[in-house]
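Work through the exercises below with the sequence and the structure side by side. Try each task before reading its solution.

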Amino acid sequence: MDAILIQLLNGLDKGAAYALIALGLTLVFGTLGVVNFAHGALFMLGAFCAVTFQKILTISVKVVDPSITFFTAYKEQPYLEIWFGDVGLAIIDYAVPLSIFMAIPVMLLIGLVMERGLIRHFYKRTHAEQILVTFGLAIVIQEVIRHFFGANPIPTPAPDIVSSSAAIGSWLGLSENLVYPWWRLIYLAFSALIITSVFAFLQLTTFGMIVRAGMFDRQMVGFLGIDVQRKFTIVFGLAAVVAGLAGVMYAPILPPDYHMGMDFLVLSFVVVVVGGMGSLGGAVAAGFLLGILQSFASMTVITELVPGIDQVIIYLVAVIVLLTRPRGLMGRKGVMED
Amino acid sequence: MILEKKRSDLVTMILFSMVVLSMPIWLNPLGANYPDLLQKFAIFGIFAIGYNILFGLTGYLSFGHAIFLGVGSYTAVWSFKLLSMNVIPAVISSVILAGIVAAFVGFVSLRRSGIYFSILTLAFAQMFYNLAYSVLTPITNGETGLQLALEDPRVIDRLFSTAGEGLPSTELFGLSMSGYSGFYFCAVMLIVAFYVSLKIFNSPFGLKLKAIKSNQHRMKYTGYNTRPYLLTAFIISGMFAGLAGALMAVTDPLAGAERMQWTASGEVVLMTILGGVGTLYGPLLGVVIIKYLENIFSAVNEAVLQTFFDFLPSWLQDTMVVIVSPFVGEGWHLTLGLMFMGIVIFLPGGITEGFQKMKKRFFTKENSESSNQEGK
């Protein structure tokens with residue numbers, strides 16, 4: 001029972017990351033009709049926003065260490081600590097959550113520039129060419145990051161207060177030993193919040209209505225005198241922000257390195273396809289579903305039964321879904337069924 | 001007419017063979033005439049030619065061809081371990097096994113087309129890659145990679161001679177497959193592969209593949225079942241990839257799972273596109289350019305750059321070094337990515353198309369001028 005609950009949480013956690021990336025992918029595909037292989041790179045850029053912010057906050061100066069009296073010892077002390085004392089230290093501690101505020105404008109800008117500069121010229125080209133050019137872009141972004149941050153994963157710890165584990169076992173009246181890291185729970189809640197707000201934005205605002213109409217029939221919306229192109233550019237920015245935020249919050253769970261985007265990209269494509277191309281609800285549902293499936297498949301009971309299943313389960317599911325239900329779990333009829 | 005065609009094929013093949021076999025001579029001035037690089041040209045040439053048969057002719061973008069490369073390599077190394085150090089059984093078994101795996105992957109993936117096909121092959125690539133690292137470790141030796149060992153049985157070799165001391169090297173009936181002899185073996189394979197590709201391009205089969213690319217629906221309406229043709233193309237290109245993988249193992253008998261990662265398939269897509277998709281020579285051109293540049297760029301470091309920009313005044317020299325250094329050495333992949341994007345954006349048909357455009361521009365100019373004169 002405990003193990004199952006833990007795996008369920010693990011799965012939801014993984015699934016949340018998949019769902020967030022897949023949500024952005026679907027938005028872009030549904031509105032712009034572009035298959036964006038650089039979307040994983042946006043996720044990675046988000047994680048590196050957190051890294052950069054942390055680096056900026058901890059810019060240090062060499063000072064004499066007064067605690068060592070035998071000789072003059074030096075230590076690195078962040079400026080923030082010198083200027084603000086304990087408040088400064090607390091700010092450094094909260095680097096990751098605070099970097100969200102930096103990540104939103106940065107990711108929005110990156111998204112808009114990407115759409116205006118590159119993606120826009122590929123609306124009319126074939127899907128293969130879209131895949132290729134965004135694949136090239138992903139390589140470029142990845143290598144730029146590697147140039148500045150090196151090839152090794154960079155640990156970006158969560159704030160101290162949530163670095164321990166939550167005793168979810170005792171909350172639910174189960175075993176005391178059942179604990180789960182706070183940060184992962186926060187991540188889950190955060191993802192749920194973002195997903196809800198994206199849906200609320202699309203369902204409740206006029207802008208969202210136009211976007212949904214545009215996903216349904218772009219030409220018709222254009223005929224009604226609405227500048228669809230402009231709206232879609234903003235949608236691309238929005239998708240970049242969603243991917244970026246997912247990356248920021250994922251940084252304490254998985255120390256970011258330059259190729260984490262590629263790893264997540266393949267998975268989230270699989271998620272999009274399983275959910276159904278162009279279906280937002282499908283992307284989210286499939287994200288959580290596949291995340292949970294993957295973490296259950298990695299239980300020892302199951303890997304002993306079918307060795308290697310944890311490595312391939314997602315892809316296996318994708319292959320089966322693609323072959324038996326061409327438009328995915330929740331895809332609209334007639335959209336990309338070929 | 002047919003005779004003429006045959007003759008022109010013969011001429012092409014003779015010219016092609018001469019160019020390939022004389023590579024050590026004419027690449028000398030470029031500083032690319034050492035066997036290691038030449039072998040890479042030939043091996044990746046085969047890989048790209050094979051890939052082009054699928055992507056170039058039918059337009060199906062596969063990200064799964066690294067699987068067959070990996071399968072080829074593993075099979076070849078196992079053949080060296082179990083059967084013989086002779087390369088013939090290794091090459092044959094690799095090609096056959098890669099073909100079988102390709103038949104399986106292709107049979108499933110080709111049920112869908114377009115982007116779904118790409119994603120299906122991507123999923124298969126990830127599956128094989130993950131399996132090679134986890135469950136298939138007894139076969140693939142996991143992260144260490146599959147290597148030769150002294151205690152390998154080598155059944156066929158043992159029939160003729162006792163085991164010598166030290167690790168044996170790959171050979172073709174006594175001819176060691178390292179250095180130039182290795183290159184010539186790869187080159188001969190390349191010529192064979194090119195011949196097959198030439199034949200396919202000029203055959204009714206090739207024509208059908210091109211028809212599938214231009215309009216699959218119309219093709220179906222005219223009564224053709226397109227899937228068998230696609231599957232055949234997929235298997236052939238998979239076998240080419242298997243051959244390339246086997247030759248990698250022949251020139252350097254070890255195999256690792258990183259060869260099967262989907263980004264490795266991305267590399268061959270890149271080569272094919274750079275040279276020119278769907279053209280006979282384009283992929284080869286792309287391979288030579290990319291592998292040559294890779295060889296040069298990754299060897300360059302700051303000291304080399306300093307001497308390269310020596311002719312400039314010293315302040316300009318330093319700035320140039322700072323500007324250029326992110327793009328060389330470790331940063332080679334950055335250059336590659338930029339080059340790739342540039343090609344897809346501005347020249348989707350690759351370098352071959354670039355040549356044709358230039359040619360056309362010059363010719364049409366002359367024509368219009370002459371017609372103007374006639375008008376007067």
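The exercises go from whole chains to a helix pair and then to single residues.

This is a predicted model, in which local features need pLDDT of at least 70, side-chain atom pairs count only at pLDDT 80 or more, and totals for chains, interfaces and linings use all residues. Residues are numbered from 1 along each chain as its sequence is written, chains are lettered from A and ligands numbered from 1 in the order in which they are written, and side-chain values use heavy atoms, with hydrogens and water left out.

**Exercise 1. Describe the overall build of chain A.**

Start with secondary structure. Chain A holds 15 helices and 4 strands. These are DSSP runs numbered from the N terminus: helices are H or I with at least four residues, strands E with at least two.

Next, take the dimensions. The radius of gyration of chain A is 22 Å, and the globule rule gives 20 Å for 338 residues, so chain A is as compact as a globular protein of that length. The radius is taken over C-alpha atoms, and the rule is 2.2 Å times the number of residues to the power 0.38. Along the principal axes, the C-alpha atoms of chain A fill a box of roughly 80 × 50 × 35 Å.

Then look at burial and surface. Of the 338 residues of chain A, 53% are buried. Buried means under 20% relative accessible area, exposed over 50%, partly exposed in between (1.4 Å probe, protein chains only). The accessible surface of chain A is about 14,900 Å², with 67% from carbon and sulfur atoms. Areas come from the Shrake-Rupley method with a 1.4 Å probe; for residues, only the protein chains shown count as cover.

Finish with contacts, meaning heavy atoms within 4.5 Å. Among contacts in chain A with a separation of 6 or more, 74% join residues 24 or more positions apart.

**Exercise 2. Repeat the description for chain B.**

Count first: chain B has 18 helices and 4 strands. Its radius of gyration is 23 Å, close to the 21 Å of the globule rule for 376 residues, so chain B is as compact as a globular protein of that length. The C-alpha box of chain B is roughly 85 × 70 × 40 Å along the principal axes.

Buried residues make up 51% of the 376 in chain B. Chain B exposes about 17,700 Å², and carbon and sulfur atoms supply 67% of it. Of the chain B contacts between residues at least 6 apart in sequence, 76% link residues at least 24 apart.

**Exercise 3. How do helices α12 and α15 of chain A pack?**

Recall the description. Two packed helices are described by the angle between their axes and the distance between the axes.

Apply it. Helix α12(A) (residues 260–275) and helix α15(A) (residues 309–324) pack at about 30°, axes 9 Å apart. Axes are lines fitted to C-alpha atoms, for helices over the stretch in contact, and angles run from 0 to 180 degrees between N-to-C directions.

Now the hand. The crossing of α12(A) and α15(A) is left-handed: the near helix is turned anticlockwise from the far one by less than a right angle (clockwise would be right-handed).

List the residues. From α12(A) come Val266(A), Leu267(A), Val270(A), Val273(A) and Val274(A); they meet Ile314(A), Tyr315(A), Ala318(A), Val321(A) and Leu322(A) of α15(A). Classify them: 10 are nonpolar, none polar and none charged. Nonpolar covers Ala, Val, Leu, Ile, Met, Phe, Trp, Tyr, Cys and Pro; charged covers Asp, Glu, Lys and Arg; the others, Gly among them, are polar.

**Exercise 4. Is Val242(A) buried or exposed, and what does it touch?**

Locate Val242(A) in helix α11 (residues 228–250) of chain A. Its relative accessibility is 4%, so Val242(A) counts as buried. Not counting residues up to four places away in sequence, Val242(A) touches Leu20(A), Ile194(A) and Val198(A). The C-alpha atoms of Val242(A) and Ile104(A) are separated by 8.6 Å, though 138 residues apart along the chain.

**Exercise 5. Place Arg259(B) and Thr272(B).**

Arg259(B) sits in the loop between β4 (254–255) and α13 (262–275) of chain B. At a relative accessible area of 17%, Arg259(B) is buried. Beyond four places in sequence, its contacts include Ala66(B), Leu69(B) and Met248(B).

Thr272(B) lies in helix α13 of chain B. Its relative accessibility is 0%, so Thr272(B) counts as buried.
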